[in-house]
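Visitor: I would like a close look at a single part of this model. Please take one strand and follow its pairing and its side chains.

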Amino acid sequence: MVEATLDTYHFAFIHASTIGDPGNPRAPNVRTQIVDGKLTFSYTIDQPANETIINVAEERDADGLRPVTYTLLATPNVVHLKKDSAAGVFVIYFAYAPVTDLDAELQVHMDRPTVGYRKWTAEMGIRFL
Ligand SMILES: [Fe+2]
């Protein structure tokens with residue numbers, strides 16, 4: 001679930017016309033760093049304009065695309081996501097606690113290929129850094 005939360009590439013496909021732009025499915029160029037024991041990265045992407053990312057006091061029409069900056073901090077089971085736009089700053093704090101095993105955590109079927117890949121590579125002794 002943490003891995004899915006950190007994904008930068010699904011907006012154009014999964015959130016088409018809300019926070020994703022199907023006309024621009026390019027992944028942002030992201031550089032991760034470990035700072036004070038947390039994985040962190042930030043990126044800016046253009047998203048379809050709506051009242052959640054425009055300054056409604058200054059702009060009435062929500063047309064086109066607007067830049068939105070995401071800054072994420074993650075530990076192995078927690079993600080802090082900050083979204084900056086002309087509308088202001090929103091923060092989402094995700095905390096995950098596995099109930100039993102990895103299969104029990106899964107609630108989204110599109111994650112199954114990624115989890116299957118990770119299990120398969122783990123069985124071969126391959127570890128990701
Ligand atoms: Fe999403």
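Guide: Take strand β3, residues 65-74, which is joined by six bridges to the antiparallel strand β4, residues 78-85. The model is a predicted one. β3 and β4 make a hairpin, with three residues between them. Two positions show the pairing across it: T71 stands opposite K82 in β4, and L72 has L81 of β4 as its bridge partner.

On the other side, β3 pairs with strand β2, residues 38-48, over 10 bridges, again in the antiparallel sense. Here the bridge partner of I45 is V68 in β3.

These strands belong to an open sheet of five, in the order β1-β2-β3-β4-β5, with antiparallel pairing. β1 (33-35) and β5 (88-95) stand at the edges with a single partner strand each, so one side of each has no neighbour in the sheet. Neighbouring strands of the sheet are turned against each other by 25° on average, direction ignored.

Now the side chains. In a regular strand they alternate between the two faces of the sheet. Along β3, R66, V68, Y70, L72 and A74 point to one face and are buried, whereas L65, P67, T69, T71 and L73 point to the other and are not buried.

The largest nonpolar core consists of seven residues: I45, I53, V68, Y70, L72, A74 and V79. β3 supplies four residues, the largest share of this core. Nonpolar side chains in soluble globular proteins tend to be buried together. Another core member, I53, touches R66 and V68, and also Q47, S85, A86 and A87, leaving aside residues up to four places away in sequence.

Note on methods. Residues are numbered from 1 along each chain as its sequence is written. This is a predicted model: local features need pLDDT of at least 70, side-chain atom pairs count only at pLDDT 80 or more; totals for chains, interfaces and linings use all residues. Two strands pair if DSSP finds at least two bridges between them. Axes are lines fitted to C-alpha atoms, for helices over the stretch in contact, and angles run from 0 to 180 degrees between N-to-C directions. A nonpolar core is a set of buried Ala, Val, Leu, Ile, Met, Phe, Trp, Tyr and Cys residues joined through C-beta atoms within 7 Å. A residue is buried if 20 or more other C-beta atoms lie within 10 Å of its own, exposed if 12 or fewer, and partly exposed in between; C-beta atoms are placed from the backbone. Two residues are in contact if their C-beta atoms, placed from the backbone, lie within 7 Å.
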